Structure formats: structure tokens, C-alpha cells
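Have the sequence and the 3D view ready, and let us walk through this structure together. We will go from one pair of chains to the next and then look inside a single chain.

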There are 6 protein chains.
Amino acid sequence: MKILVINPNSDRAFTELIGEAARKAASPGTDILCESAPGAPAFIETSRDELLCAPGMMELVSRHGDADAFVIACTCDPNLDALREMAAGPVVGAGESSMLFALPLGARFSVIQTTEGSVQAKRELVRKYGLQDRCSSVRAIREHGEESLEERLLEAARLARDCDGAEVITLGCAGLAGLDTRLQKALGIPVIDGIAAGVRLAEALAAGGAFTSRRGKYKGS
Amino acid sequence: MKILVINPNSDRAFTELIGEAARKAASPGTDILCESAPGAPAFIETSRDELLCAPGMMELVSRHGDADAFVIACTCDPNLDALREMAAGPVVGAGESSMLFALPLGARFSVIQTTEGSVQAKRELVRKYGLQDRCSSVRAIREHGEESLEERLLEAARLARDCDGAEVITLGCAGLAGLDTRLQKALGIPVIDGIAAGVRLAEALAAGGAFTSRRGKYKGS
Amino acid sequence: MKILVINPNSDRAFTELIGEAARKAASPGTDILCESAPGAPAFIETSRDELLCAPGMMELVSRHGDADAFVIACTCDPNLDALREMAAGPVVGAGESSMLFALPLGARFSVIQTTEGSVQAKRELVRKYGLQDRCSSVRAIREHGEESLEERLLEAARLARDCDGAEVITLGCAGLAGLDTRLQKALGIPVIDGIAAGVRLAEALAAGGAFTSRRGKYKGS
Amino acid sequence: MKILVINPNSDRAFTELIGEAARKAASPGTDILCESAPGAPAFIETSRDELLCAPGMMELVSRHGDADAFVIACTCDPNLDALREMAAGPVVGAGESSMLFALPLGARFSVIQTTEGSVQAKRELVRKYGLQDRCSSVRAIREHGEESLEERLLEAARLARDCDGAEVITLGCAGLAGLDTRLQKALGIPVIDGIAAGVRLAEALAAGGAFTSRRGKYKGS
Amino acid sequence: MKILVINPNSDRAFTELIGEAARKAASPGTDILCESAPGAPAFIETSRDELLCAPGMMELVSRHGDADAFVIACTCDPNLDALREMAAGPVVGAGESSMLFALPLGARFSVIQTTEGSVQAKRELVRKYGLQDRCSSVRAIREHGEESLEERLLEAARLARDCDGAEVITLGCAGLAGLDTRLQKALGIPVIDGIAAGVRLAEALAAGGAFTSRRGKYKGS
Amino acid sequence: MKILVINPNSDRAFTELIGEAARKAASPGTDILCESAPGAPAFIETSRDELLCAPGMMELVSRHGDADAFVIACTCDPNLDALREMAAGPVVGAGESSMLFALPLGARFSVIQTTEGSVQAKRELVRKYGLQDRCSSVRAIREHGEESLEERLLEAARLARDCDGAEVITLGCAGLAGLDTRLQKALGIPVIDGIAAGVRLAEALAAGGAFTSRRGKYKGS
């Protein structure tokens, strides 16, 4: 099985980190191809950034049309609908996958974002997927402070767990791949990384020969 | 006051039709500038089409940055969030505007689409705006048949009124500008065209010096 | 164009304040007629007060039946449904208008009330309009304290912005007309006054010849 | 125990019918006082009619302030909030009561209205009470036809049961008191009359010394 | 009238406490039979505990099939759906009844639980009944501390009232029967005990000859 | 990896059918153990039946506590919460799994039930999982008729697709395992079988070392 993992941005270190996380999560027989969207900005912060990633992402899907499934390696799931229209195989987003895998593990999940400015967009993504009744909160870490990123993630996740009633945590940034295990140990509740979840969901869908419905929303093109 | 009306597609006849409708709806002192997004596809049918319109739409906003307000002249409101991030003045979508103006005129509105394939996307747009509790239905006209477009619109709108409980109709395609008055007469309930609504909403917002909030979702760039 | 601005209560100073705000917001060609409901109580605090305003409000609509549009100059929008049944032209509430104009300016709005006792009624108004998914909170100012009204409004609005995620503020009392600009400057996010919004929405609707649907809820009488 | 049953309209025959139904439903020790709102219109069809009933209804509550509980004998529950503010004892509406009693008897209830024009108002009442997830539909009977009222009620209730999935029927007009038993027999599912439900709910609340909360919405006056 | 009050657990002191509370709430002519489910665990804390109570609860319903109505004397309403299928007369849960009786007394109610671990299950019960829009919060008391149970209940209820906007409190544990009056006095807002509410709701339903609908969810067996 | 597939009922043919479907869906390295709940009824039709399956299901989980994951092989997901409390590894329901796998394949899914009497329970299951906004309908096949089960399933699924806007179909009965491929071919949209989905979801969760959160709802016992 061949899975194309698409890094929407053009940051090389990010692509490598993601590729490694994807390969670690994949089953023995799965071939992970991780590529960066050509021409995309280095970081995705705004809706405009997401649009600027679109041409490169669509090019990757065209170039690797033979992949059995596709993973968008950014938890804001940019341009997911368009890729679903184009690709023959199923397409999943890292954000979507982490939320779906959170559902059977606890009553409610919280998403931890690395910037305050991305909280509302993630809230709207949760609503787009119709999962608002299962989401206890979307929270951002404190952006400044002397503490490490990991410490601030832990702080935000603890608040989600203790104040918002989160039973499961999903990481709201694909660049946190790898931290899930350590955070999980410290928190005592499941922590889900979008890349690992995305790869496993893509595998599970492709294994069953699943395909995007061409009736209704994803008419294809 | 100067309002930029953006035709997301590259169809010239469409741009002219829209420009005319916009000017007809505008107040005496308003200067309407209606332009087509350079490089956009001729029609917008899919999510992918919407992405292909994005570069041209963003270019238009950059070029006419001095406009007091901006109207996206397509009722699927493509790339609205990104334009809001970029533009100094308020940005409204034709779809959004027609729904907002429907609210004070009746308890529930239905949207009439010209293709079955666009119904689900419009349903999701209604939900994105949080207006699902006020929307009686999204309905498509019969796509084939010997009847004229106007007759088929009337048929769908009647079903919305009589079966779904619609008290107001909004037209789900900007290319229907001008038909609203005739349909309204035939139906006996308010029918709202997105271009006219968009221009009037843009005027009303700009008159009060309104601006897009830079806190939260539309951080600006 | 002639717009009747209805002060539901009988407080003269309030009527003058509102009339001034309405005239300031109106377009050059608009004729604002601002009147107080005869026989109404001096203040509106309870549901009972709203009912006591009804006869006078209905009398005003009958007396000025030739107005092109009607604005209820109280953000709790008392007796809006009954006036819509009676009036030939469109009728908007100050509360409703401020919420509708908040929608295109940010993802979520908060309403600031001047009394704790009016918070739940405003929450229900938001739900009545089906806008609960766009409303971050309804908050009251601290009722007592040495600070000025403006300072306490600012305090509550800051809490809405920083704790509730409000991207836009609407003023939950028509008597605050005029404070919007100063609060907006201090907060850095859009602040919407119901009177100005009501007048502009009424103008925009009347300009397009809009009318209340007589199908369903507003049967007319 | 003394219960005041308030007929919001001024129709004498209606008052008698309601009084009889209330007495039939009441427990042995309950004293039913059924009065018509002085000065009210003969029928309630519009929001304006509801407002015209208000002064008389408030007068009745003032005059019989010693009642242990109050029932508004109209399933549109007019002016319920204001009466709750005024009365010392609990106040229930016939519409509200019939819906509350439907909840433990089946998964979803449908409301049957006697006029098409009252359907949307009843839908909004259901939403006001937050019961929309338990309501399968609000349906009106065919207004014209040679069949008796009872036959047309049966027809509408059957459609609610067989097409909308209603497991319980509530009668959407207080004037149908007495028909519940016959309809229930014909339909084979519970049918709830608002007057009987109102009296029993009022008794149950008053028996426990229940009172309207003065915190928040019903501040009292 | 004969009402079977079912204590789902096997704790004798609990059965006595509940029986006493039920008799105190019942009308003069009502015969209360309060029994413990044979073979049930002593306490109900988990979903598994609820299942372990099921055989005994079903046995009680079979044994006392002639009861006019049934009350499940635990506010988590265990196995309510199955008992409704089996019993000829109406079946109500203590949790359900307390929520239904809260509705006419205030705009929103909060439920106070005695353990943090039961909060999410109660939240889901509120949603199962479709009452989430009327529920201000589900809160647990502090589980540890030197204060008495009553003091900690009061503390949690005050927070619900002052921070969450609760206008009515329902007690989230049947074992608190009797505390409602004292808490109510201290809080100044209605406090509802599930046992008393359950008995009164059962009486009111049985008085009208109500029965569980056999159409749809509760097919009977 | 060892996965325990639990047939909640005691029908041997059913257990074999399910075991076969599970093995067909499993990855090469997965060991499927499929057992029937001892002492369970032969069929599950009512809530009472679900309770009668509970002791046997819990016994199976205790006996095979070393399994890496657990699948409840009935799309009504009976006793899922209790098994989650007990089992060390993740537990998924066939109904839940089929819905989760439907989400990335289309905008909305419909569930097809084999009996009218199970529709409302499935609707409530969808709501329990918070997926109501993604569910286009729950439909039953015609129970009687000369057509084969497959033909009647196809008929109901076509109505879901063409009238309700379903883009994906999930099979609402585990006994339909194996029909998914043929129905999918006939319908042209994805059709998901709960057993296959359950096994793949269990594998994906177990592969990542996922576990049920012990914070909040599933406290463990």
C-alpha cells in the first residue's frame, strides 16, 4: 500500500519530521511517500496561507495519482475538500483523523493549539466536521514564557482536562508529532497526534477499498 | 463611496450582468467597480474551482485596496475568509448577504440552487454562518426539462414555500440577478438576490466605518 | 425615505438621545421620525414592561403607516413580531440589527448588557434569532462601583474579548448610543450600536423594496 | 388547593369548555377557577392578538393573587413570561404542559395545529422551551374539506405518527379539550390535551410548594 | 393509586430513606410501594453497576405489574428504557422527573452531583432527554474536605447559581432526598429532589391514564 | 495482535457469519477471536434484550482480558460503555465504527435498518455519538414483500441517497456483513459494513497503543 503524506507548507525540516512520524506509525507493508507542496509558504498561519498552498498540494495529488490514500499533514486540514474531489483514493486530514480517533477513547476531547490566533479556525473545523458536541474545548498554549514548548503544552492540556472536562487530548499542530507519548504519560489520558492518526486512518480506509463518494459534495473533476 | 464587486470567475458576460445588477442596487453616491478575477476558471462548480479563483481574487483586493468595501459576487462566497484577512475595509459575500437580509423578513428562508451538485456545499455554508436554524431548506431546480430557467426556479421556490415552510427565498446563484423581482411577484413572498443584497450590506457597513475584527479569526496579514 | 424610530418607553431624554443617534446614522435622503410609545412605562426592565409598551407601539405604527421602514429602538426588540404583522414596510429591532451587522465583521460577537437581570432574556433573544452559534457570550457590566458607566462597559467588553473569544461587541442597551466609537477605539475591535445598525438595516431593506413575508409567521392582520 | 385557569380570549363558550375540562382533570381537593381575560379579543390568531390579551390576563393574576398555581389555557402560552414575573405561585402554559407530559411517554412528540398559519409560531415555542430535539413535527390539519374537525385531526395525527415518527401527539389548541381520549383510541398512541396536562402539572408543582425562580429571567415586579 | 418506587441498588438504608421521601411527597390516596432491586450492587457508580441492577429491576416490575406507575429512584435513571418496554403503566426516572419539573420554574437548571466521576454521565443523560439547551451546568461538589455534605452541596449550588446562571437546582443523587428544602432556603432559588418529583410526575401521569407509547422506541416485549 | 469480536446474541450462525467477516477484514498479523455472549437471547430487538446480553458480554471481556482490542458485533452497540469501563484495551462498536469510517468518505451518511422498530433507537445512538449533523437519515427497509432482503436494502438505500442526500450508506445490522460490496456496486456510493469497520478501527487504535481514558466517563472498575 502506498500512502502520500502531503506537507502543505514548504518547510523542509517539517517535511522530514512528518515523514519520520508517518513511517513510524505505518504498518509494515505500507509505503510512505512524504512530500512538501511545491511553491507553498514556509508556514501556515492564515486562510490566505492555506490558499497559497493549494496549487502545490493539487500538483502533488496529480503527480502521485496512484497512491492508495492521501494524508494532509497539517491539523487545519487545508484544501481537504478540493483534494477529495481530485484524488481517486480516500483523503484524510491530520486534524480530522485525530478527532475521529479521539471519539472511541473518551466522551469528549480537547484540541491544544500552539497559537491563540488559530483557536477560532480550529473551532470552526470541529463544527465543519459536526463534532462540536464531543469537543470539550479548543485551547491555546501560552505563547510566551520561559518554559519549554512541552511544558506549555502540558499546562494547556492539564487545564483542558481539569477545567473543561477533556477525557482525550488531540494535538492541534502536526509539528508536535512525537510529543504525544510523553504528554500522554504526564497527563494520564490519551493524547493523539494527527500524523499517526492520519496514517492509520488512511491505511484502514484503503485496506477496505474505501473511496470518496462522488454523489453530492465531492463531485469529482 | 467605492465598492469593489469581485466576480470570482472569468466569464465576461457574467461580470457585465453582475456589474449592472450591482449598479442598479447601489445608492446614488456609490461608485461600483466590478471586475473579474484574472486567471480564474470560466465557471465555479467545485471546491477546486474555488481555489483556482483565489490568486486572481487576492490580486484584485491588492490592486483596489482603497475601496471602502468589497463584495464577492458568487453566492458560494469563495475565499471570503482570506479576503477578509487582506482587505482594509469590510468584505461580504453575495450568499452571506442574501441570507442576512432574509432574516428580518420572515421566520425561515430557503435557498434555491441551479444545480443538484451544489446543494450540499450550500448547506455547509449555511451552517458555517450558524444560520441553520433559520434555513428551511436548500433546494435545486430540476436540471433538465423543456421549461425555461425561470419556470424551473419558480417550481423549486414554490416547493420550498409550500413543502418546506420557506417564508423568504434567496437565490443561490449570482447569475440570477434580475430575476428576483419577477419571481417575487409570482411567489408572493420576498425573493432576495445576492448581488443587490451584497451591495446594500457593503454600503451599510462602510457607511458606519465598519471594519473586519483583527482579533481571532481574521488576524490580517 | 421615511423611517419611524420607535422608542418603546416613555422617557423623553431617551427619545431625544435615540433620535439624535438615528439621524447621525441615516443617509442624506432619509427622514428620521423618532417617537416615544404613548402610555409606555419610563423604563423597560421586565417582560411585563414590554407588554405595557405594546399598545403605544402599535398606535405609533398605525399613525405612521406610510413610513418606509420601522426601527424598534430598544435592544430587547419588544413586540417586534406584532409590529411586523401590522406594518406595511419592514420592521427591524435594534438588538437584531446589531447582531446581524456583527456577523460579517468577525467570527463571534458578545453582547454587553447594563444589568445582570437582563442577561438571560438577551440569551433567549439570540436563540430566537437562531444566532447562538455565532454568539460568544452575553455579559453584564458590574452594576455597582465607583467607576463610570463607560469604564464598566469597557471592563465587561474586555472580558468578553479576552475570556469569551468575542471578535465583535454589540451594545445591549439602546441608551448607549454614541459610546460605540469610544469603546471601539479602546478595545480595538468593532463595537456596534443598535440604533445606528437599525437605521442602516432599515434603509438597506427599504431601498430594495423589501417587505415582511405574509406567508407563515407574520400573517398580517 | 386553588388553581386559576386563565382563558386568554374573551369567548364565553371557550371559557366554559376549558373550565369543564380543567375540573374533570383536577384532583378531588382542587378548586378550579376558570376566567376569561377581560377586554381580550374573541380569538387569538396573531402575535398582536396575544398582546391584546395581556392587560386582561395580568388583571386576572392580580385579582386572584391567592391562587396556588396558574394555568394559561391556550397552547400558544401567550404572555407566560410576564405572568411568571407577577404571580407568587407557579404558572404553566397549556402548550408547555402538554409537551412536558409527552416526554416520558415516548421518544418524540408531534403537535397538531388547527391552522396552517400557527405552525411556525408553535415551532418557535418548541424551540423556546428547548424541546426541539424531542419534537418530530408541528403539523396543521387541512383547513377545508367536508370532513369533521375530528376526522381532519385524526388524518394529521396519523401523518405525524406514520411519516414523522411521532410516538406521542399533543393537541395544539386548547379548544380541542375532550377530543384527546377519542383520538388516542383511534391512533393507538398517547394523545395529550393541554388543559388536562396544565391542571395536573400545576397541581404537582403546587403540591410540592414550588415557586418561580426570582433569579435571572423572572425577576419579579 | 399504587406506585412502585424502585431502588436500583440493594442498600437497605437507602431504600428506607427513599420510601420515606416518596410517601411524604405522595398525595393522600396514593399507595407507595418502595423496594430494592434483588441482587443489585450496594451502590451505583459505573455503567457496569447499572447493568448489574437490571435483572432485579426487571423482576420488580414483573412482580408488581399491577402498579399504576413506576419510579426509578436513582437520578441516573438506570435501565429506564427497558422498564418502559415492560411495564403496562408509565415509568419515570428520578433524574428525568427533577429536570422536567425544573423547566417551568426558571429559564435554566443546574444539576449538582455528589461525585466528579458522575458528571459526564449526567451531562449525557441531559442530552439524551434533549434538555441541553435548558441546562446551565452539571457540577460536582468537592469530594473531600472537612465541611459537611450539606455545606459542600450548598457551595456547588451557589457556584451554579452565580457563575453558570442556574435559576433552578436539581439534586443529582436520590440519596439527598430531604435536603432540598434546606438548600432551597439557603439558596433562595427552587431546589428539586428527584424522588418527590418522580412520585408527583408518576401520579400526574397515572391520574390521566397515561401510558408509554408502543410505537417506535418502546415497542414492548 | 489479538482482537476479541463479541457477538452479543447467542445465535451460532450469526457468530460464524460475523467471525468470517471479521477475519476477512483483518490484517495479516491479526488474530480474530469471535465468540457469542453466553446466556444471551438469540436476537436483540429491544432495550431489554440488550440488558439480557450484558452478563455474557462482560464475562467474555473478563475471560479474554488479554485481547488487544474489542469489537461489539452488533450495530446497536449494546453495553459499550460498561465494556469500556472493564477492558484494558480499546473497545469499539460495529455501529460506531461504521459511522466513523463514513465521515471521511462523504458529507453525510444514512443508516439502513432492517426493522422499522429499531429506527428511533439508532437515531438516538447517532445523537449519543454527537454525529447527528452528519447523518442524513436513519431508514428502515420495507419489512414485508416478495423481494429479497438485498433488493429491499437496495430500495431503502436508494431512497436515502436520492431523497435524503446520503453520500455514504452504513448498514444498520451486523448480520448484513458481506452484502456491502454488492450494494456498493449497485448504488455507486460507499457502503460500510460495521464488522469490517469495527475490526479495522480496533486494529488502528491498538496499533498505536490507544487506551480508553479513565478520566471522566469511563472510570474503570
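Chain F and chain A each give 41 residues to their contact, where contact means heavy atoms within 4.5 Å. This is a predicted model, in which local features need pLDDT of at least 70 and side-chain atom pairs count only at pLDDT 80 or more, while totals for chains, interfaces and linings use all residues; side-chain values use heavy atoms, with hydrogens and water left out. To find your way, note that residues are numbered from 1 along each chain as its sequence is written, and that chains are lettered from A and ligands numbered from 1 in the order in which they are written.

The size of an interface is often given as the accessible area lost when the parts come together. Chain F and chain A bury about 3,100 Å² between them, and carbon and sulfur atoms carry 62% of it. Buried area here is the accessible area (1.4 Å probe) that two parts lose on being put together, summed over both.

Now look at what links these two chains. There are two salt bridges between chain F and chain A, a salt bridge being a side-chain nitrogen of Lys or Arg within 4 Å of a carboxyl oxygen of Asp or Glu. In a salt bridge between the two chains, the side chains of F:Asp162 and A:Arg215 meet at 2.8 Å, N to O. Chain F and chain A also have 14 residue pairs in polar contact, both residues at pLDDT 80 or more. A polar contact is a pair of N or O atoms within 3.5 Å; within protein, one must be able to donate a hydrogen and the other to accept it, and residues adjacent in sequence count only if both atoms are side-chain atoms.

Which elements of chain F give two or more residues to the side that touches chain A? They are strand E4 (91-93), helix H4 (94-102), helix H6 (149-163) and helix H8 (194-207). H8(F) supplies the largest share, five residues. These labels follow DSSP runs, numbered from the N terminus: helices are H or I with at least four residues, and strands are E with at least two. By class, this side of chain F has 22 nonpolar, nine polar and 10 charged residues. Ala, Val, Leu, Ile, Met, Phe, Trp, Tyr, Cys and Pro count as nonpolar, Asp, Glu, Lys and Arg as charged, and the others, Gly among them, as polar.

Two copies of a chain are related by a rotation about an axis and a shift along it. A turn of 180° with a shift of 0.0 Å along the axis lays chain F on chain A with an RMSD of 0.0 Å. That is the relation of a two-fold axis. Both copies use the same surface, and 100% of the contact residues of chain F recur in chain A. Copies are superposed by least squares on the C-alpha atoms of residues with pLDDT of at least 70 in both.

Next, turn to chain B and chain F. A rotation of 120° with 0.0 Å of shift along its axis superposes chain B on chain F, with an RMSD of 0.0 Å. That is the relation of a three-fold axis. In chain B, the C-alpha nearest the axis belongs to B:Asp133, 7.1 Å from it.

Here the contact takes four residues from chain B and four residues from chain F. The area buried between them is about 310 Å², with 39% from carbon and sulfur atoms. On the side of chain B, B:Gln120, B:Arg123 and B:Arg127 lose the most area, together 91% of what that side buries. Chain B and chain F share one salt bridge: F:Asp133 pairs with B:Arg127, the closest N and O atoms being 2.8 Å apart. The side of chain B that touches chain F has no nonpolar, one polar and three charged residues.

Not every pair of chains meets. Chain C and chain F do not touch, and their nearest C-alpha atoms are 14 Å apart.

Finally, look inside chain C. Four of its strands form an open sheet with parallel pairing, in the order E6-E5-E7-E8. Two strands pair if DSSP finds at least two bridges between them. Strand E6 (135-140) and strand E8 (191-192) of chain C are the edge strands, each pairing on one side only.
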